Amino acid sequence: MRIGILGGTFDPIHLGHIRPALDIKQQLQLDEVWLMPNHIPPHKQSTNVDSQHRLAMVEQICQQHKDLKLCDIEIKRQTPSYTVVTLQQLQQAYPQHQFYFIMGMDSFINLPQWHLWQQLFELCHIVLCQRPGWQLDNNHPMQKVLQQKTRRYSAQFNISNGNLSVGSIIPVDTILQDISSTEVREKLLNHEDVSSLIAPCTKTYIQQHQLYLT
Ligand SMILES: Nc1ncnc2c1ncn2[C@@H]1O[C@H](COP(=O)(O)OP(=O)(O)OP(=O)(O)O)[C@@H](O)[C@H]1O
Ligand SMILES: O=C(O)c1ccc[n+]([C@@H]2O[C@H](COP(=O)([O-])O)[C@@H](O)[C@H]2O)c1
């Protein structure tokens with residue numbers, strides 16, 4: 001199967017994660033999209049709520065959308081959630097699947113700081129999603145990587161791509177979502193309404209567990 005994976009800290013999960021994930025599944029005709037909360041985010045100092053809460057909020061979203069599945073491989077691992085390590089484990093566990101790792105432009109710009117980042121292209125395709133406020137400058141080092149590896153998706157993608165199951169960057173045009181977990185947390189702290197930023201079940205979960213109030 002062709003599997004999209006959206007990895008994230010999801011602190012908390014918001015509509016800027018969910019809407020592009022659903023849209024990408026359709027555009028790329030993926031069989032499934034897995035939402036994969038990390039346990040120890042490699043590049044964040046800490047998380048604001050613990051992994052079990054972040055996992056539970058993602059799990060609820062997956063229960064509501066049949067196209068989204070929870071992948072808890074990183075939550076179960078007690079080491080930093082390096083994506084290369086995760087994809088190696090997933091390839092071993094599911095040799096029959098082709099993985100499409102989804103990321104926003106903010107992540108792509110910082111990709112050279114990721115652990116063994118070049119190996120990602122031996123393990124998956126990267127699906128690149130635009131994000132408001134993040135643009136790749138013409139002279140940015142990742143511009144060359146983008147030019148070398150970009151393959152536009154079409155119905156003939158696999159054939160025109162020489163049937164390569166890894167190694168391409170696939171840019172997608174999704175409706176821009178100007179939402180971040182940071183904004184959601186700030187609004188919650190200030191007792192502002194977040195209904196347009198997160199799913200109702202996430203809002204209820206946060207209220208029930210009194211999260212993000214300090
Ligand atoms: N609004 C968005 N549009 C497109 N991609 C997004 C958006 N929000 C998050 N992403 C992508 O989802 C992945 C996980 O993001 P993450 O869970 O860190 O959310 P975040 O909103 O960036 O969090 P924070 O504000 O706490 O840094 C990353 O690849 C990121 O680029
Ligand atoms: O492998 C790495 O070095 C690495 C560095 C930063 C982020 N990631 C992964 O990228 C995804 C988005 O990360 P974040 O910090 O934006 O939530 C998430 O799955 C992280 O585990 C991975």
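What follows is a chat about how the descriptions of this predicted model are reached.

Colleague: Before we start, what are the ground rules here?

Modeller: It's a predicted model, where local features need pLDDT of at least 70, side-chain atom pairs count only at pLDDT 80 or more, and totals for chains, interfaces and linings use all residues. Residues are numbered from 1 along each chain as its sequence is written, while chains are lettered from A and ligands numbered from 1 in the order in which they are written.

Colleague: How do you know how many helices and strands the protein has?

Modeller: Helices are DSSP runs of H or I with at least four residues, strands are runs of E with at least two, and both are numbered from the N terminus. By that rule the protein has 8 helices and 6 strands. Along the sequence they read β-α-β-α-β-α-β-α-β-α-α-β-α-α.

Colleague: What makes the protein as compact as a globular protein of that length?

Modeller: We take the radius of gyration over C-alpha atoms and set it against the globule rule, 2.2 Å times the number of residues to the power 0.38. The protein comes out at 17 Å, close to the 17 Å the rule gives for 214 residues, so it is as compact as a globular protein of that length. The C-alpha trace spans about 50 × 40 × 30 Å along its principal axes.

Colleague: How do you know which strands pair in the sheet, and in what order?

Modeller: Two strands pair if DSSP finds at least two bridges between them. Strand β2 (residues 32–37) has 3 bridges to β3, β4 has 5 to β5, and β5 has 4 to β6, so each of these counts passes the cut-off of at least two. Overall, 6 strands form an open sheet in the order β3-β2-β1-β4-β5-β6, with parallel pairing.

Colleague: Why are β3 and β6 called edge strands?

Modeller: Each of the two, β3 (68–70) and β6 (169–172), pairs on one side only. You can look at single partners too: Leu-35 is bridged to Leu-70 in β3, and Cys-129 stands opposite Val-172 in β6.

Colleague: What makes β5 largely enclosed by the rest of the structure?

Modeller: A residue is buried if 20 or more other C-beta atoms, placed from the backbone, lie within 10 Å of its own; with 12 or fewer it's exposed, and in between it's partly exposed. In β5 (residues 125–129), 5 of the 5 residues are buried, so the strand is largely enclosed. In the protein as a whole, 35% of the 214 residues count as buried.

Colleague: And which residues of β5 cover each face?

Modeller: In a regular strand the side chains alternate between the two faces of the sheet. Here, His-125, Val-127 and Cys-129 are on one side, Ile-126 and Leu-128 are on the other, and all are buried.

Colleague: How do you know which residues are around ligand 1?

Modeller: A residue is near a molecule if its C-beta atom, placed from the backbone, lies within 6 Å of it. There are 18 around ligand 1, and Gly-8, Gly-16, Gly-104, Ser-181 and Thr-182 come nearest. Helix α1 gives the largest share, 3 residues.

Colleague: What makes a residue in that shell nonpolar, polar or charged?

Modeller: Ala, Val, Leu, Ile, Met, Phe, Trp, Tyr, Cys and Pro count as nonpolar, Asp, Glu, Lys and Arg as charged, and the others, Gly among them, as polar. That divides the shell around ligand 1 into 5 nonpolar, 10 polar and 3 charged. For ligand 2, the split is 5 nonpolar, 9 polar and 1 charged.
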